[in-house]
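Visitor: Could you walk me through this model? Short answers, please.

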Amino acid sequence: GLLGASGVAAAAASAHGSDDRLFGAVALVALTHAAAFAAFAALPSGGRARRAAIALIGAGAMLFCGDLALRALDGVRLFPMAAPTGGVAMIAGWLGVAATALIRR
């Protein structure tokens, strides 16, 4: 829910004159991943591996969106390489989700 709310806020900021490129990226990542988390919530737990993959996606989205939003708002970074680290975490998490779909119980 927080990811979805932040995505809507970023879309509004993008439409109202803030750094539209950065806030547009935040809105895209936040809203698409918020929808994915809603779908994940409807699934059975899926075991430790899937929960870890989903946590990795969430942490990555927070790093990526947080870093871009701070840059757009204040011109500062969360820490060096925060956005790329978040992006890599999201990619790894999605690959983990895909891998867990292939595991037979």
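Visitor: What percentage of the protein's residues count as buried?
Guide: This is a predicted model: local features need pLDDT of at least 70, side-chain atom pairs count only at pLDDT 80 or more, and totals for chains, interfaces and linings use all residues. Residues are numbered from 1 along each chain as its sequence is written, and side-chain values use heavy atoms, leaving out hydrogens and water. Buried means under 20% relative accessible area, with a 1.4 Å probe and protein chains only. Of the 105 residues, the buried share is 37%.

Visitor: How many helices and strands are there?
Guide: Helices are DSSP runs of H or I with at least four residues, and strands are E runs of at least two. From the N terminus on, the elements run α-α-α-α. The count is 4 helices and 0 strands.

Visitor: Which helix gives the largest share of the largest nonpolar core?
Guide: A nonpolar core is a set of buried Ala, Val, Leu, Ile, Met, Phe, Trp, Tyr and Cys residues joined through side-chain atoms within 4.5 Å. Among the 18 residues of the largest one, Phe23, Phe64, Cys65 and Leu68 touch the most other members. Helix 1 (2-15), helix 2 (20-42), helix 3 (47-74) and helix 4 (82-102) each give two or more residues to this core. The largest share, 7 residues, comes from helix 2.

Visitor: Which residues does cysteine 65 touch, not counting those up to four places away in sequence?
Guide: Contact means heavy atoms within 4.5 Å. With residues up to four places away set aside, cysteine 65 touches Val26, Val29 and Ala30.

Key: Buried < 20%, exposed > 50% of the residue type's maximum accessible area, 1.4 Å probe, protein only.
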